Amino acid sequence: MSQTYQGTASVLLASRHLGVEPDECLNENVTVRLSESGTPTIARLEVDQPVQWPGHANHVEVRLPDGSVVKGVIVEINRQPEDAGWLTFSLDD
């Protein structure tokens, strides 16, 4: 992935915890801004519209139009049920 991406993507937000079935919400065609920084690499994902969230989300996967996938463990969430929001996550290798 390049350092930044702005455009439409599919965003999978998931709650994955040991001993519990995963709870996942796929949000297709979401307008996003995605940027990376630091070492270890932390990414920030901003969404311009409301998205569906599972309870206790701790994992994100962003599927870009070119077929690449950026995913990782959520570090911080600003979750707005009826508005734009953002999250930061550490990138999986």
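**View 1. The side chains of H59 and R16 are joined by a polar contact of 3.1 Å.** A polar contact here is a pair of N or O atoms within 3.5 Å; within protein, one must be able to donate a hydrogen and the other to accept it, and residues adjacent in sequence count only if both atoms are side-chain atoms. This is a predicted model, so local features need pLDDT of at least 70 and side-chain atom pairs count only at pLDDT 80 or more, while totals for chains, interfaces and linings use all residues. Residues are numbered from 1 along each chain as its sequence is written, and side-chain values use heavy atoms, with hydrogens and water left out. H59 sits in strand β4, which covers residues 59–63. Strands (E, at least two residues) and helices (H or I, at least four) are DSSP runs, numbered from the N terminus. With a relative accessible area of 9%, H59 is buried. On this scale, buried is under 20% relative accessible area, exposed is over 50%, and partly exposed is in between (1.4 Å probe, protein chains only). Skip the neighbours within four places in sequence, and H59 is in contact with L12, L13, A14, R16, K71, G72, I74 and D92. Contact means heavy atoms within 4.5 Å.

**View 2. H17 is found in the loop between β1 (4–15) and β2.** What does H17 touch, leaving aside its neighbours within four places in sequence? The contacts are H56 and N58. There's also a polar contact of 3.3 Å between the side chains of H17 and S15. H17 is partly exposed, given its relative accessible area of 40%. L34 is 17 residues from H17 along the chain, and the C-alpha atoms of the two are separated by 25 Å.

**View 3. N29 and H56 each have a positive phi of about 55°, and neither is a glycine.** For background, most residues other than glycine have a negative phi. N29 belongs to strand β2 (residues 23–37), whereas H56 is in the loop between β3 (42–47) and β4. Are these two buried or exposed? N29 is exposed, at 59% relative accessible area, and H56 is exposed too, at 68%.

**View 4. Side chains alternate along β3.** That fits the textbook picture: in a regular strand the side chains alternate between the two faces of the sheet. A43, L45 and V47 are buried and point to one face, while I42, R44 and E46 point to the other and aren't buried. β3 has partners in β2 and β6: it pairs with β2 in the antiparallel sense over six bridges, and with β6 in the antiparallel sense over six bridges as well. Two strands pair if DSSP finds at least two bridges between them. On the β2 side, S37 stands opposite I42; on the β6 side, R44 stands opposite T88.

**View 5. Strands β5 (residues 69–78) and β6 (residues 85–91) form an antiparallel pair over six bridges.** I77 of this pair stands opposite L87 in β6. E76 is in β5 and is partly exposed, with a relative accessible area of 43%. Which residues does E76 touch, not counting those up to four places away in sequence? W86, L87 and T88. E76 and L87 are eleven residues apart in sequence, yet 5.5 Å apart in space, C-alpha to C-alpha.

**View 6. Six strands close into a barrel in the order β1-β2-β3-β6-β5-β4, with antiparallel pairing.** Neighbouring strands of this sheet are turned by 45° against each other on average, direction ignored. (Axes are lines fitted to C-alpha atoms, for helices over the stretch in contact, and angles run from 0 to 180 degrees between N-to-C directions.) The protein chain has six strands and zero helices. Of its 93 residues, 35% count as buried. Among contacts in the chain with a separation of 6 or more, 49% are between residues 24 or more positions apart. The radius of gyration of the chain is 12 Å, which agrees with the value near 12 Å for a compact globule of 93 residues. That radius is taken over C-alpha atoms, and the globule rule is 2.2 Å times the number of residues to the power 0.38. Along the principal axes, the C-alpha atoms fill a box of roughly 35 × 30 × 25 Å.
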